[in-house]
Amino acid sequence: MSAVSAPDKEPAGARMYALIERLYPICRSITGPGVVETLEIIRQEIPVKIHRIASGTEIFDWTVPQEWSIRDAYVKDEKGNRVIDFKASNLHVVNYSRPIRATLPLAALKPRLHTDPAHPAWIPYRTSYYKEDWGFCLSQNALEAMSEGSYEVLIDSTLSDGELLWGECFIPGTTTDEIIISTHICHPSLANDNLSGIAVCVELAKLLMAAKRRRYSVRMLFIPGTIGSIAWLSMNRERLSRIRHGLVAVNLGDPGMMHYKKSRHETAEIDRVVEHVLKAAGQAHSIMAFSPYGYDERQFSSPGINLPFGCLSRTPYGRFAEYHTSADNLDFVKPEALAHSLETYACVLDTLDRNRAFLNLSPMCEPQLGKRGLYDAVGGKSDTKTRQLALLWVLNYSDGKHDLLDIAVKSGLAFDLIADAADLLLGQDLLAPAQRD
Amino acid sequence: MSAVSAPDKEPAGARMYALIERLYPICRSITGPGVVETLEIIRQEIPVKIHRIASGTEIFDWTVPQEWSIRDAYVKDEKGNRVIDFKASNLHVVNYSRPIRATLPLAALKPRLHTDPAHPAWIPYRTSYYKEDWGFCLSQNALEAMSEGSYEVLIDSTLSDGELLWGECFIPGTTTDEIIISTHICHPSLANDNLSGIAVCVELAKLLMAAKRRRYSVRMLFIPGTIGSIAWLSMNRERLSRIRHGLVAVNLGDPGMMHYKKSRHETAEIDRVVEHVLKAAGQAHSIMAFSPYGYDERQFSSPGINLPFGCLSRTPYGRFAEYHTSADNLDFVKPEALAHSLETYACVLDTLDRNRAFLNLSPMCEPQLGKRGLYDAVGGKSDTKTRQLALLWVLNYSDGKHDLLDIAVKSGLAFDLIADAADLLLGQDLLAPAQRD
Amino acid sequence: MSAVSAPDKEPAGARMYALIERLYPICRSITGPGVVETLEIIRQEIPVKIHRIASGTEIFDWTVPQEWSIRDAYVKDEKGNRVIDFKASNLHVVNYSRPIRATLPLAALKPRLHTDPAHPAWIPYRTSYYKEDWGFCLSQNALEAMSEGSYEVLIDSTLSDGELLWGECFIPGTTTDEIIISTHICHPSLANDNLSGIAVCVELAKLLMAAKRRRYSVRMLFIPGTIGSIAWLSMNRERLSRIRHGLVAVNLGDPGMMHYKKSRHETAEIDRVVEHVLKAAGQAHSIMAFSPYGYDERQFSSPGINLPFGCLSRTPYGRFAEYHTSADNLDFVKPEALAHSLETYACVLDTLDRNRAFLNLSPMCEPQLGKRGLYDAVGGKSDTKTRQLALLWVLNYSDGKHDLLDIAVKSGLAFDLIADAADLLLGQDLLAPAQRD
């Protein structure tokens, strides 16, 4: 009686990987044609409504920036060879660079060239969103191969008033209580830190749309990092009170284990649910305290917003060597890892949906289960039957203060067993939902 | 200055064992002549008022069942030998079996025959209270000795409207605040799981009646399991608000260590007191979380009743191999174990009675103990005297929020030392009882 | 941007040791000329106001005792030799002894002679404040050297109506919120248990007077133990509500590690601050639970007063062999230990002063730090910069519920880094003080 079914992992993994392959070449940024193209491709998979906000609009303490588009960029040596070439990798240009056309000696160019000496073959990823600037990224090896002399530099980009875009996929449940799942869409050719989140969200949306009897409405946000969530929050203030739970979905394709960064609330229902799901899965995982750093949970958890948002990822930002480099590529993400991430998200959403607090409608002593066919009538031989134990646990703790997850934890019984027992008791009018549901 | 004296263990152990020997042969059930006879024997030891409730009476979600009486039962082989004989052991009949007289081939009889293959020489104990049925219990060895052929089956029992009985022994204290101690009286020839609880309660009642200056009234319930406590609760709703603490007294004669299953409240005073008494005794013991399963704490702890009831036993139900078999017999229970259980209960009741919260009536700085003769007047040499430390601990924490047990735990001093210090300070008008007492 | 500077340890240690040398010979008691002389010497170092209260005055449950003065005391043998001589050590007389002149055989004298057999060369320290009595203290060796015979005994003391004195050094801050630091001045020639506290408080007062921008007013009490703090509390009832934190300063010159005995509140701000300072210092130390015994924290923590007073010492009372003996002398205390104690106190007072709760004035999402010059504008390369992390931690948790110390502990960042971040954000009008400040 699940609310959300588990995915069929192999085909789902293949579909997610294929979507990543398709999105990988696009040069995304926080604004501009890369975002537009990305949202169009997502829209071919699931229903996504695209929202726009004009450059210059005030959003809380911030201003919507200009749109950035880029056609070409290179550094040519004196022989006319492109020693750095945007067309080879969009990571070569500092993202959001202003246009430049110049000829410079190497010494003058060098301060504009970013490398990662610890990984001499990789191109690092750099941005300069909120300070007008320009620069190139290249491998340390490539830098060392550059001889003295003069270089022709071109960045054929435009920064002009336009729009900031994001996409929303809204999947209604039977109530207006919402779960937000947010993933960022602003990184160029980075596979894990960006595209894995998009792919898992797309596939998860399909699972949710196929599900029946879900209570929660789910809103998936495909947004540019930081500025996108600030824009969304600023445009949706009246909606915030509907949000019950939130997850930031990132880094879901790498081979590492699952990590959960708890919400600022520390013991919110989303925290309890994710921790339980990860623990019940019986695999290595890590639970981390909240910190006001990382992905968009920073904005959703700012003290004036303070929504219960966790971040459920595989390896967290900055903890894998490939992070923010050209090595976060199509080899780094794996269909099996994507499928496992999807399965975990599906289980979290199923558990959230089934987890409720009930009131025992026959609270004075135990109700007689035998006369309702809920109890093995021959005493003495059935003490260990967990199905019957689950009924007793649900009845005893359905006092409006304990939800089913509390009862599962207290009893040591599986959540689904407890939730099934609650379904059975509901069917016998021995329970009623507590609180607002 | 104890409220309840410690028992003289050797004669008390002998008396309890003798009572068990006397009660052992009786075929008890949740109703019927076995219960009547048992209560009559208890009444020869301590004042017990017998309460009755008619079959068919609605008690919460339940109905008082019919009275069951049994005169004989057997399975005879073709030669007329009683291969299963109620007169040899009352466990041979599924308790509460309806009458039957039939001749059956072995194959047809077998589904009615219950054994315990793990212990082939023991007869298991089975009941069928709430579904009309019949059956026999026998050892696996006996079953295997039965040859093919036809068997004559008789259960000469009656199920008819009558009464459900229980006994109450009320020992008044100086207040109407009550402690309930409940033990079940519905099992046939089982020594530990049934009779040990009765024997300890009887002897404990004598100790309480001999005590002076007890605050709490104590009500001992000798009741059929489940249905008895449901009946009692349903008939005593107006009295529930007086109940401060409760214990279910079971399995008190086996050689295992003491176990305490905490109340649903988890940190009720009864929980803190029993845990402290067991710990202070310095012997191996076990503290277990509440679970909505076990003995009558299930009913007293149902969410609509929610009284602070723990279960203080030796080995808990189902954790000793002899549980619910013919091996739970007179050899399994020991006078020394009964005496140790009694001593533990006496200490718990003494501690409950002495444990109070006080208000320091001289709370601005320390009162001058020296001028009251409470302090060694030569400073410098008496720092380690625990008697004086106890006075200071009681004075400092008698703020109405800490009871004497809290103070004992905080200070690391023995509860009796702390309680004696409180008596001394009360005598000097430096304390007054806090709250309702 | 400290509120209280760290001391220059070597000269401060030398000054404190010199003060102890000067105070050591004086025969102090809870009243009398020794206290007067001691306060006069302190007054030569720092501004101290002397308060007086007449003998016989009722102070809570106590009465101000008579003034004690002593001119000479001895026990002479039959040859006229002073075998016990007050002039050799003021510990030889039981402190507060009434006058006596008598000639007694050794057997009659012996009950009046106190020794410490465990340390046969040391003179123990004994008092008899609240029971009129007399006696002598001497080494076990000296006692054993006394032959049978008759002894001339003189104690040339006076007990007469007079005054109880204490000194207060008040160092105003920008608010009327007060920190009390209390040290006792009633012990005669004992260097650690008495004079070390005086010396550290004197030097700390100088540091505080040199500091700028301190919020808290600090009141240092130089008072006779027990009766002095009772007198002070009884005379300052209307001032108690201003007291935010308190420390009892004792045993600050011995070679042992720092010990902190927590306040009765257990988790008061003073407890959190001292624990953090000791932990951050990275040296061995000990945190102890509150107990209603020890020094004047007993009175400040009585349930009717209940102020958050801890006791910050090196080795606690009774835990060093030299405690309350002639071996607690000028050799036992060390300038380096005094200087380390002073440094610890200065750090505690600095942390208390800087520790506040703030409100984030831009709480909807993160404020844009970049446009205020608070953030490295090139994304991707500065993730680990702790200065920027500190800004984010302070912004996120400045919700009025967390003070800077909470944030330091949560973030794992140094308190000063967090406090500096708060200063920076205050300067940008991104924070405002929460609550009463």
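1. Start with the strands in chain C of this predicted model. Strand β17 (residues 357-360) of chain C is joined to strand β19 (residues 431-433) of chain C by three bridges, and the two run antiparallel. If you want a pair to click on, take C:Phe358, whose bridge partner in β19(C) is C:Pro433.

2. β17(C) has another antiparallel partner to look at: two bridges join it to strand β18 (residues 399-403) of chain C. Here C:Leu359 has C:Asp399 of β18(C) as its bridge partner. So which residues of β17(C) should you select to see both pairings? C:Phe358 shows the pairing with β19(C), and C:Leu359 the pairing with β18(C).

3. Next, the contact between chain B and chain C. How much area do the two chains bury between them? The figure is about 2400 Å², and 52% of it sits on carbon and sulfur atoms. On the chain B side, B:Met364, B:Cys365 and B:Glu366 lose the most area to chain C, and together they make up 27% of what that side buries. In residue terms, chain B brings 25 to the contact and chain C brings 27.

4. There is a fair bit to check in the polar part of this contact. Five salt bridges are counted between chain B and chain C. One of them is formed by the side chains of B:Arg372 and C:Asp61, at 2.7 Å from N to O. The two chains also have 13 residue pairs in polar contact, counting pairs with both residues at pLDDT 80 or more. On the side of chain B that touches chain C, helix α10 (residues 386-397) of chain B gives the most, with six residues. By class, that side of chain B has 12 nonpolar, six polar and seven charged residues.

5. On symmetry: a turn of 120° with a shift of 0.1 Å along the axis lays chain C on chain A, with an RMSD of 0.1 Å. The two copies are therefore related as by a three-fold rotation axis. Which residue of chain C has its C-alpha nearest that axis? That is C:Thr267, at 12 Å from the axis.

6. Last, salt bridges over the whole model. The structure holds 75 of them over all chains. For an example inside one chain, look at A:Glu40 and A:Arg43, whose side chains meet at 3.0 Å, N to O. Both residues lie in helix α2 (residues 33-43) of chain A, three residues apart, which is about one turn of the helix.

Notes:
Residues are numbered from 1 along each chain as its sequence is written. Chains are lettered from A and ligands numbered from 1 in the order in which they are written. This is a predicted model: local features need pLDDT of at least 70, side-chain atom pairs count only at pLDDT 80 or more; totals for chains, interfaces and linings use all residues. Side-chain values use heavy atoms; hydrogens and water are left out. Contact means heavy atoms within 4.5 Å. Buried area is the accessible area (1.4 Å probe) that two parts lose on being put together, summed over both. A salt bridge is a side-chain nitrogen of Lys or Arg within 4 Å of a carboxyl oxygen of Asp or Glu. A polar contact is a pair of N or O atoms within 3.5 Å; within protein, one must be able to donate a hydrogen and the other to accept it, and residues adjacent in sequence count only if both atoms are side-chain atoms. Helices (H or I, at least four residues) and strands (E, at least two) are DSSP runs, numbered from the N terminus. Ala, Val, Leu, Ile, Met, Phe, Trp, Tyr, Cys and Pro count as nonpolar, Asp, Glu, Lys and Arg as charged, and the others, Gly among them, as polar. Two strands pair if DSSP finds at least two bridges between them. Copies are superposed by least squares on the C-alpha atoms of residues with pLDDT of at least 70 in both.
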